[in-house]
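This report looks at one helix, the pocket that it helps to line, and a loop residue elsewhere in the chain.

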Amino acid sequence: MNADGWRARHLDRSRNPGKSLTFDTMARHVPLRFDPSFETIPEDEDETQRGLTEAMLAIQRKTHADTGYAHRAVHAKAHGYLRAKFEVLPDLPPALAQGLFASPASYDAILRFSTTPGDVLHDGVSTPRGAALKVLGVPGPRLPGSEGETTQNYVLGNSPSFQIGTAKGFLRQLRPLAATTGHAEPVKKVISAVARIAEATLEMVGGKSATLTTLAGQAKTHLLGDSFFSQAALLHGDYFAKVALSPVSSELVALSERPIDTSGHPDAIRESVRDHFRTCPAVWELRVQLATDIDAMPVEDAAATWPEDESRYLPVARITAVPQDTWTDDMREWVEDKMAFNPWTGLAAHRPLGSIMRARRPAYAAARDYRARSNGVEIEEPAALSSS
């Protein structure tokens, strides 16, 4: 199912949450317990990871040189920040009540909305979108490298699967993308407009352009109407799953596919997010799609969309945000300068799986270190929401 089909199907579910997001699914399709053999590590994975890390650092160096600020290597442009409440739902069935979701609890959380490139582009350029979620004060055994921390991080994109299935394939895409970062924004705007109309594959002289094909397919719609996905798999306690952040409050559902005007508005997405939260609240569900069949739901192919007729996304938590200013100087400084979002910062019960996720571990760590050194700041996991 493509992203448009997914949005249409889940818009109906958001309007009728009891219609199909029910636990009876689990009686028909038994969740599959995770087996370490589901992950297969290529012999040259270390080399691939080094290549990806260097490509991401190349993007950072370019944007740093161009702007004087060391942005994130991906998801560089933010569109807003939210303080929110994260509530684990009660009465979850055993297969869902795992790790963070083992028992009902309430936590503070931070949401950051973004677009995915490493350069900061005019919002008229059609690029995928992201949401990063950080849940604070979470107890439990930790992933290696995040011992002593108490956050659970999710890094999400607005399509159900990743554009490339493996780290090696992603490296082939990222290298030319790194080479073109920071260049020819007017060309990117024109190409993205053509792509939305024609829905065609884009070609450059010499072959397919990884940079420009990432501009296709994203309509100029309100970001807050989107759903966001882990795209790749994570452990879910004894099981494994994908995760989705889906709007459920009427104020958000009403924004699904609502157009926004980006002409003359380089930060139109940011403006629309800020305008919404001046007066409106928001509620999302965090949903989990438990794997039931390793062939249909592979761990090592992040480009595979797991079939929902085999396993639906089921709610495990509710995220609530009250009206607030989503673009204050204090929040921007705190989140942009002093905070990182990394799926490897969290509980061992939710370890990221597959080559795309494994490659993120060294790449995200290197990108964080580069930002800290270049901007002269200390990046650390928050223990609580700031008072400002």
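In this predicted model, α11 bends by about 30 degrees at R361, and a proline, P362, follows within four residues. The span of α11 can be checked against its length: at 1.5 Å a residue, its 21 residues should cover 30 Å, and because the C-alpha atoms at its two ends lie 30 Å apart, the expected and modelled values agree. Just after α11, the backbone at G376 takes a positive phi of about 65 degrees.

The helix also takes part in the second largest pocket, whose volume is about 480 Å³. Of the 29 residues that line this pocket, A340, F341, N342, Y364 and R368 lie nearest its centre. The elements that give two or more residues to the lining are the strands β2 (105-115), β3 (129-135) and β4 (152-157), together with α11 (355-375), and α11 gives the most, with 7 residues. The lining divides by class as follows.

| Class of lining residue | Residues in the second largest pocket |
|---|---|
| Nonpolar | 14 residues |
| Polar | 7 residues |
| Charged | 8 residues |

A separate point concerns Q324, which is found in the loop between β11 (314-321) and α10 (329-338). Is Q324 buried or exposed? With a relative accessible area of 16%, Q324 counts as buried, because the cut-off for that term is under 20%. Leaving aside residues up to four places away in sequence, Q324 touches Y81, L82, R83, F277 and R278.

Conventions
Residues are numbered from 1 along each chain as its sequence is written. This is a predicted model: local features need pLDDT of at least 70, side-chain atom pairs count only at pLDDT 80 or more; totals for chains, interfaces and linings use all residues. Side-chain values use heavy atoms; hydrogens and water are left out. On a 1 Å grid over the protein atoms alone, a cavity is a set of points where a 1.4 Å probe fits but cannot get out, and a pocket is an open set with protein on both sides within 12 Å along at least five of seven lines; lining residues have an atom within 4 Å of a point. Grid points are joined across faces, edges and corners, and a volume is the space filled by probe spheres set on the points. Ala, Val, Leu, Ile, Met, Phe, Trp, Tyr, Cys and Pro count as nonpolar, Asp, Glu, Lys and Arg as charged, and the others, Gly among them, as polar. The expected span of a helix is 1.5 Å times one less than its number of residues. The bend at a residue is the angle between axes fitted to the seven residues ending there and the seven starting there. Buried means under 20% relative accessible area, exposed over 50%, partly exposed in between (1.4 Å probe, protein chains only). Contact means heavy atoms within 4.5 Å.
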